[in-house]
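Visitor: I'm new to reading protein models. Could you walk me through this one?
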Amino acid sequence: KLESTWKRKAGESLPRPCLSCMPQVLVALYEEPEKPANALDFIKQYLGAPTSGDVETMKAEKDEMVKKNEELTRQLE
């Protein structure tokens with residue numbers, strides 16, 4: 001009974017869509033010929049989370065857009 005309570009509580013901490021895709025992710029990880037050094041990074045990549053390089057690129061694009069917006073706002077004044 002204690003084990004089923006633990007499993008239920010562990011599952012409650014994750015959103016439903018995440019629970020439904022976990023078997024697919026774990027099978028993909030199991031079938032990976034070269035096991036990744038960090039399973040969490042593999043799971044994030046498999047689910048489509050942005051990588052650190054993507055985040056840096058997006059930050060640079062955002063900064064560029066903010067500057068352009070400021071320029072255009074000044075031109076309107």
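Guide: Sure, starting at one helix end: Gly 48 follows α3 and has a positive phi, near 95°. Keep in mind that this is a predicted model, where local features need pLDDT of at least 70, side-chain atom pairs count only at pLDDT 80 or more, and totals for chains, interfaces and linings use all residues. Residues are numbered from 1 along each chain as its sequence is written, and side-chain values use heavy atoms, leaving out hydrogens and water.

Visitor: How many helices and strands are there in the protein?
Guide: Helices (H or I, at least four residues) and strands (E, at least two) are DSSP runs, numbered from the N terminus. Here you get four helices and zero strands, in the order α-α-α-α.

Visitor: What happens at the start of helix α3?
Guide: Helix α3 covers residues 39-47, and at its start a side-chain oxygen of Asn 38 comes within 3.0 Å of the backbone nitrogen of Leu 40.

Visitor: Which rings form an aromatic pair?
Guide: Rings of Phe, Tyr and Trp (its six-membered ring) pair if their centres lie within 6.5 Å; planes under 30 degrees apart are stacked, over 60 edge-to-face, the rest tilted. The count here is one pair: Phe 42 and Tyr 46, stacked, 6.2 Å centre to centre with 25° between the planes. Both sit in α3, four residues apart, about one turn of the helix.

Visitor: Is Phe 42 buried or exposed?
Guide: Buried means under 20% relative accessible area, exposed over 50%, partly exposed in between (1.4 Å probe, protein chains only). Phe 42 is buried at 12%, while Tyr 46 is partly exposed at 42%. Of the protein's 77 residues, 8% count as buried.

Technical notes. Polar contact = N/O pair within 3.5 Å; in protein donor to acceptor, adjacent residues only side chain to side chain.
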